[in-house]
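Reader: I am new to this structure and would like to understand the terms used for it. Could we look at it together and take the terms one by one?

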Amino acid sequence: MTDLHPRIPKRDRRDAARIAARALREEERRRSKRRRLFAIGGGAVGIVAIGLAVTMGIMAAIQPPPAPRNTQSGAIVIGDTTSGAPRVAIYQDYLCPHCGTFESTNGQQLASRVAAGTATLEVHPLAILTTMSSGTKYSLRAANAAACVADHAPASFLDFNQALFAHQPAENTPGLTDAEIKGLLPASITGSGVVNCIDDGTFNRWVQSETNRATTSPVPGTDLKRIVSTPTVLIDGTLFSGDISDPAALAAHFGDADR
C-alpha cells in the first residue's frame, strides 16, 4: 500500500515554519507601512483642509463688506460730482435728534440745490446710537434701509431720508419696526429688491464698518481726527459751525443768505 502522506523530515518542517513566519512578518510590515502612509496622508489632507478653512475665514474677515451702489468713500452721493459744485458731506445718525433738526431746517434747501446743480450731497449714514433703542438696534436698521434705497432706487433716496427723520423716534425707545420703516418707502419704489434688502440687513456690515472708520480714523480731506458727534456737516472739507436750526446760516456758505 502506497503512503499518500509521506513523512516530512523534522528539519525540513522547522525550515518551512521559519520561512512561513518570515513571510507573515514581512506581510505585516508592509501592511503597517501602508497604514502609516495612509494616516500621514489623511492627516496632511486634514491639515490642508483646516488651513484652507482658516485662510478663507481670515479673508472673509478682512474683506471689506459690500457697499451700496452710488457710494464713494463711505458716502451715499447725490448729485453731479463732476459739476464742480460745492460738496456738502453730512455724517448723521437716524436716531440723533440734532440730525433731525438739521434735516427739517435744511433738507429742502439742500435738495433744491442738488436739483439745480449748485451742490452735491455726500450722506454718511452712521449707527452711533445703536445701543440707545431698547435693544432693537434702530440706528443700524434705519441706516441699512437708507443704504438699501441708495442701492436699488437712488432717485428716491432724499425722499426716504426725509421720511425717516420726519418719523424719527425718541432716543431710548424701541424706534420703528422694520415693517414701519418699509411703510415709509416712497410709492415710486416698486419690486421686492429694497424690501428684501431691508429684511436681510444686507448693508448692516457696511454701516458698522463705516461707523467704526468714521469715529476712529481721520476724516479724509479735512483736519478732523475723527467724527465725534452728529450731525457733522462739511462743505468742501470745511466744518460747518453755524446754527443748525437757522437755514440762513447754511445759505451763507453758498453766498445767498437770503434763503
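Reader: Which residue follows α2, and what is the sign of its phi?

Author: In this predicted model, α2 is followed by G117, and the phi of G117 is positive, near 80°.

Reader: How do you know what span to expect of helix α2, and what span does the helix have?

Author: Helix α2 covers residues 97-116, which makes 20 residues. The expected span is 1.5 Å times one less than the number of residues, and for α2 this comes to 28 Å. From its first C-alpha to its last the helix reaches 28 Å, so the span is close to the expected one.

Reader: What makes α2 a kinked helix, and where is the kink centred?

Author: The bend is the angle between axes fitted to the seven residues ending at a residue and the seven starting there. In α2 there is a kink of about 55°, centred on N106. N106 is also among the buried residues of α2, as are F102, L110 and V114. What covers the buried residues of this helix includes β3, β4 (120-126) and α8 (247-252).

Reader: Why is the pair D151 and R69 called a salt bridge?

Author: The term requires a side-chain nitrogen of Lys or Arg within 4 Å of a carboxyl oxygen of Asp or Glu. The closest N and O atoms of D151 and R69 are 3.4 Å apart, so the pair meets that limit. D151 lies in helix α3 (residues 138-152) and R69 in the loop between α1 (10-62) and β1 (71-72), so the salt bridge ties together parts that are 82 residues apart in sequence.

Reader: Why is D151 called buried or exposed, and what about R69?

Author: Buried means under 20% relative accessible area, and exposed means over 50%. D151 has 10%, so D151 is buried, whereas R69, at 51% relative accessibility, counts as exposed.

Reader: How do you know that R213 and E210 meet in a salt bridge, and where do they lie?

Author: Their side chains meet at 2.7 Å, N to O, and the limit is 4 Å, so the pair qualifies. R213 and E210 both lie in helix α7 (residues 204-216), three residues apart, about one turn of the helix. An α-helix has 3.6 residues a turn, so residues three or four places apart point the same way.

Reader: What makes E210 buried and R213 partly exposed?

Author: E210 has a relative accessible area of 14%, which is under the 20% limit, so E210 is buried. R213 has 39%, which falls between the two limits, and therefore R213 is partly exposed.

Methods
Residues are numbered from 1 along each chain as its sequence is written. This is a predicted model: local features need pLDDT of at least 70, side-chain atom pairs count only at pLDDT 80 or more; totals for chains, interfaces and linings use all residues. Side-chain values use heavy atoms; hydrogens and water are left out. Helices (H or I, at least four residues) and strands (E, at least two) are DSSP runs, numbered from the N terminus. Buried means under 20% relative accessible area, exposed over 50%, partly exposed in between (1.4 Å probe, protein chains only). Contact means heavy atoms within 4.5 Å.
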